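Take a walk through this fold, from its central framework out to a few local details. Keep the 3D view open as you read.

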Amino acid sequence: MTFADQLIDCGIPEFRAHIPTLQINMGKRCNQTCHHCHVNAGPQRTEVMTHKTVDRILELLGKSDSIETVDITGGAPELNPAFRDLVTRTRALHKNVIDRCNLTVLFEPGQEDTSMFLKNHHVQIIASLPCYMEDNVDRQRGRHAFKKSIEAIKQLNRLGYGHENSGLYIHLVYNPLGPSLPPDQEQLEHIYKSELRKFDIKFNKLLTLTNMPIHRFLRDLKNTNQLANYMALLKQNFNPKAAAEIMCKSLISVSWQGYLYDCDFNQMLEIPALSRQTSIWDIDSFDILSRAPIAFADHCYGCTAGQGSSCKGAIA
Ligand code: SF4
Ligand code: SF4
């Protein structure tokens, strides 16, 4: 049975409901090269969104009443020369902005004032910290990633991030180190909060994400002969409640080149929205994607396994 068939079986429509969120992938350049990266990002990658593409996105965004939140990802989006322009002008349109920040980028040359910039524009931060143990984080994200991440969270805390009533949110993201499903999100948040207390840092929520069988994680699964087992695990744990709330029902994704996708994962697999390659210059409004059918494939089981997985963490 295909993923789409499974949705039909559960009486779940294969169409997008509405579009409160626009996710923008600003490119593949990143200061890190994490093992699980579904973007295949790294310092040598040169694919980055241009100012011209940002201008066109903002033009379309200005016409959209339904989009409330702009969720910016990469790579490390802060390294893109157009990042600040995108944030500033999106905030001027009274939209919420999320920055998917890898934390270590805050210590890259030229990024000294990025945390202050984020604070000044009330940008919500979603930051990856796949474990509260140094060894595990460094194994997945590179040497010294844990120490730098803790320092970055402290820097953000000093500006007010993570403090009650500050209105400045920092959420941490957990994903398993290997081919297993994430544990219960709420329970793990308690453990994170208690374990990270010794570093004197604050964060708002923990979001658990399932590793998607795409790019580097897929390659690792193949190299270790675990792909079949992992796909079986995802399929066996299909959860209709999570399937009813998959994130592609309420977001669209734009690539660094301005192409439209049903989500960031489909973008990485080059599975276009609207069944054909369509760019932001081919449309007059993002609304064309509301009520549009979504392109599903086998990797989608990563979103519906167990408690489900989305850009906002567990679903069900
Ligand atoms: S920080 Fe994020 S984008 Fe960069 S390599 Fe790691 S997972 Fe990929
Ligand atoms: S991978 Fe993308 S298209 Fe598939 S279910 Fe998840 S969000 Fe939807």
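Start with the sheet. In this predicted model, 8 strands make up an open sheet with mixed pairing, in the order 6-5-4-3-2-1-7-8. Two strands sit at the edges: strand 6 (206–208) and strand 8 (260–261). Each of them pairs on one side only.

Now set the sheet in its chain. The protein chain holds 12 helices and 8 strands. Its radius of gyration is 19 Å, close to the 20 Å that the globule rule gives for 316 residues, so the chain is as compact as a globular protein of that length. Along the principal axes, the C-alpha trace spans about 50 × 45 × 40 Å. Of the 316 residues, 55% count as buried. Consider the contacts with a separation of 6 or more: residues 24 or more positions apart account for 74% of them.

The surface comes next. The accessible surface of the chain is about 14,100 Å², and 49% of it belongs to carbon and sulfur atoms. The chain carries 34 positive and 34 negative charges. The mean positions of these two sets are 3 Å apart.

Go back to the sheet and look at strand 7 (residues 251–254). Are its faces covered or open? Both are covered. Leu251 and Ser253 lie on one side, Ile252 and Val254 on the other, and all of these are buried. Strand 7 also has a partner on either side in the strand order, where it stands between strand 1 and strand 8. With strand 1 (residues 21–25) the pairing is parallel, over 4 bridges. There, Ile24 stands opposite Val254. With strand 8 the pairing is antiparallel, over 2 bridges. Here Ser253 stands opposite Tyr261. Strands 7 and 8 form a hairpin, with 5 residues between them. In its turn, Gly258 has a positive phi of about 95°.

Move along the sheet to strand 3 (residues 96–101) and strand 4 (residues 124–128). They pair in the parallel sense over 4 bridges. One bridge can be picked out by residue: Cys101 has Ala127 of strand 4 as its partner.

Strand 4 also meets a helix. The buried residues of helix 5 pack against strand 4 and against helix 6 (145–158). Which residues of helix 5 (residues 134–141) are buried? They are Asn136, Val137, Asp138, Gln140 and Arg141. A general point helps in reading such a list: an α-helix has 3.6 residues a turn, so residues three or four places apart point the same way. Just after helix 5, Gly142 takes a positive phi of about 110°.

Helix 3 offers a single residue to follow inward. Val87 lies in this helix. Its relative accessibility is 0%, so Val87 counts as buried, the cut-off being under 20%. What is Val87 in contact with, once its neighbours within four places in sequence are left aside? The list is Ile72, Val97, Phe117, His121 and Val123. Of these, Val97 falls within strand 3 (residues 96–101). Ile72 falls within strand 2 (69–73). Val70 gives a distance to check: its C-alpha atom and that of Val87 are separated by 8.8 Å, and the two residues are 17 apart along the chain.

Finish with the backbone in the loops. Gly74 and Gly75 are joined by a cis peptide bond, with omega about 20°. Gly75 is in the loop that runs between strand 2 (69–73) and helix 3 (83–92).

Two further residues have a positive phi although neither is a glycine. Asn225 has phi near 55°. Its place is the loop between helix 8 (215–223) and helix 9 (227–236). Is Asn225 buried or exposed? Asn225 is exposed, with a relative accessible area of 69%. For Glu270, phi is about 55° and again positive. Glu270 is found in the loop between helix 11 (264–268) and helix 12 (301–304). Glu270 has a relative accessible area of 63%, so this residue counts as exposed, the cut-off being over 50%.

Definitions and conventions:
Residues are numbered from 1 along each chain as its sequence is written. Chains are lettered from A and ligands numbered from 1 in the order in which they are written. This is a predicted model: local features need pLDDT of at least 70, side-chain atom pairs count only at pLDDT 80 or more; totals for chains, interfaces and linings use all residues. Side-chain values use heavy atoms; hydrogens and water are left out. The radius of gyration is taken over C-alpha atoms; the globule rule is 2.2 Å times the number of residues to the power 0.38. Buried means under 20% relative accessible area, exposed over 50%, partly exposed in between (1.4 Å probe, protein chains only). Contact means heavy atoms within 4.5 Å. Accessible areas come from the Shrake-Rupley method with a 1.4 Å probe; for residues, only the protein chains shown count as cover. Lys and Arg count as positive and Asp and Glu as negative; His and the chain ends are not counted. The place of a charge is taken as NZ of Lys, CZ of Arg, CG of Asp or CD of Glu. Two strands pair if DSSP finds at least two bridges between them.
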